[in-house]
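Let's take a friendly walk through a protein fold, one piece at a time. Please keep the picture and the sequence side by side as you read.

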Amino acid sequence: MESALPLGARQKTFHEGDSIADNVGILRSLIKDCKARHRPLCVTFVDVRKAFDTVSQESVVKAAERIGFPPALLSYMQCLYTGGVTQLRVGQSLGGLIYPGRGVRQGDPLSPLLFCAVMHWVLSQLDNRLGLELAERVRLNHLAFADDVALVSSSPEAMRRRTPAQGRQEEG
């Protein structure tokens, strides 16, 4: 499934191989290049606290649909993530019904990919003009490590202006 899904090129977690090292290498190269050329570089590291537990289940299904999950798998996911209920048993006592509305399912092999699909959706909303120009028409505005993201820019002012791209509309 991982190879069939168009997740962000800079999302480097839950992929085969040593892909996190790729992003670390890119970041090191950026620092070295900016130092050598006396170019400004601003990097802000963001750690989304309890990200896997707090992502809305509605966004999980929408993100999967957005990146092209097959209809049969989408239908399964909608059943799995919509209207779920659970109960806790402590000894002989059964607790009240719990209606989870947030988080990906722990232990499900699709959960890391689903979380990355949501992060891809969020990161695709970053204004690309505020990233760092690497070459003509090639800009980098982030490096992602699952729920940890390094935002990259050419100045603190540009970093403060980071907002979703103007005029971009999302379906759903």
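The paragraphs below go from the whole chain to its sheet, its helices and its surface.

Keep in mind that this is a predicted model. The protein chain has 6 helices and 7 strands. Following the sequence from start to end, you meet them in the pattern α-β-α-α-α-β-β-α-β-β-β-β-α. Of the 172 residues in the protein chain, 38% count as buried. The protein chain exposes about 10,800 Å², and carbon and sulfur atoms supply 54% of that area. Now think about which parts of the sequence touch each other. Among contacts in the protein chain between residues at least 6 apart in sequence, 62% join residues at least 24 apart.

Let's look at the sheet next. Strands of a sheet pair through backbone hydrogen bonds, either parallel or antiparallel. Here you can find an open sheet of 3 strands in the order S1-S7-S6, with antiparallel pairing. Which strands stand at the edges? They are strand S1 (42-47) and strand S6 (142-145); each has a single partner strand, so one side of each is left without a neighbour in the sheet. From one strand to the next, the twist averages 15°.

You can trace the pairing in detail. S1 is joined to strand S7 (residues 148-153) by 6 bridges, and Val 43 stands opposite Val 152 in S7. On the other side of the pairing scheme, S6 and S7 pair in the antiparallel sense over 4 bridges. Phe 145 has Asp 148 in S7 as its bridge partner. The hairpin of S6 and S7 has 2 residues between the strands, and in this hairpin Ala 146 takes a positive phi near 65°. To see what makes that angle worth a look, recall that most residues other than glycine have a negative phi.

The side chains of S6 are a nice exercise in looking at both faces of a strand. His 142 and Ala 144 point one way, whereas Leu 143 and Phe 145 point the other way, and all are buried. Leu 143 also gives a good example of how folding brings distant parts of a sequence together. Ile 26 and Leu 143 are 117 residues apart in sequence, yet their C-alpha atoms are 8.7 Å apart in space. Ile 26 lies in helix H1 (residues 19-37), and because its relative accessibility is 25%, Ile 26 counts as partly exposed.

There is another hairpin to find. Strand S4 (residues 132-135) and strand S5 (residues 138-140) run antiparallel and are joined by 3 bridges. Glu 133 has Arg 139 in S5 as its bridge partner. With 2 residues between the strands, the hairpin of S4 and S5 includes Arg 137, which takes a positive phi near 65°.

Now turn to the helices. Why might two residues four places apart in a helix meet? An α-helix has 3.6 residues a turn, so residues three or four places apart point the same way. In helix H1, Asp 33 and Arg 37 are 4 residues apart, about one helical turn, and their side chains meet in a salt bridge (2.9 Å, N to O). Asp 33 also forms a salt bridge with Arg 39, with the closest N and O atoms 3.7 Å apart. Asp 33, Arg 37 and Arg 39 are thus linked in a network of salt bridges. Between H1 and S1, the loop holds His 38, which has a positive phi of about 55° although it is not a glycine. Is His 38 buried or exposed? At 72% relative accessibility, His 38 counts as exposed.

Helix H3 (residues 57-66) shows a similar spacing: Glu 58 and Lys 62 lie 4 residues apart, about one turn of the helix, and their side chains meet in a salt bridge (3.1 Å, N to O). Other residues of H3 are buried, namely Gln 57, Ser 59, Val 60, Val 61, Ala 63 and Ala 64. The buried residues of H3 pack against helix H4 (71-81) and helix H5 (111-123). Just after H3, Gly 68 takes a positive phi of about 95°.

Finally, look at the surface. Val 85, Leu 97 and Tyr 99 make a nonpolar patch of about 340 Å². Val 85 sits in the loop between H4 and strand S2 (89-90), and at 48% relative accessibility Val 85 counts as partly exposed.

Notes: Residues are numbered from 1 along each chain as its sequence is written. This is a predicted model: local features need pLDDT of at least 70, side-chain atom pairs count only at pLDDT 80 or more; totals for chains, interfaces and linings use all residues. Side-chain values use heavy atoms; hydrogens and water are left out. Buried means under 20% relative accessible area, exposed over 50%, partly exposed in between (1.4 Å probe, protein chains only). Contact means heavy atoms within 4.5 Å. Two strands pair if DSSP finds at least two bridges between them. Patches are made of residues with over 30% relative accessible area and no salt bridge: like charges are joined within 9 Å, nonpolar side chains (Val, Leu, Ile, Met, Phe, Trp, Tyr) within 5 Å. Accessible areas come from the Shrake-Rupley method with a 1.4 Å probe; for residues, only the protein chains shown count as cover. A salt bridge is a side-chain nitrogen of Lys or Arg within 4 Å of a carboxyl oxygen of Asp or Glu. Axes are lines fitted to C-alpha atoms, for helices over the stretch in contact, and angles run from 0 to 180 degrees between N-to-C directions.
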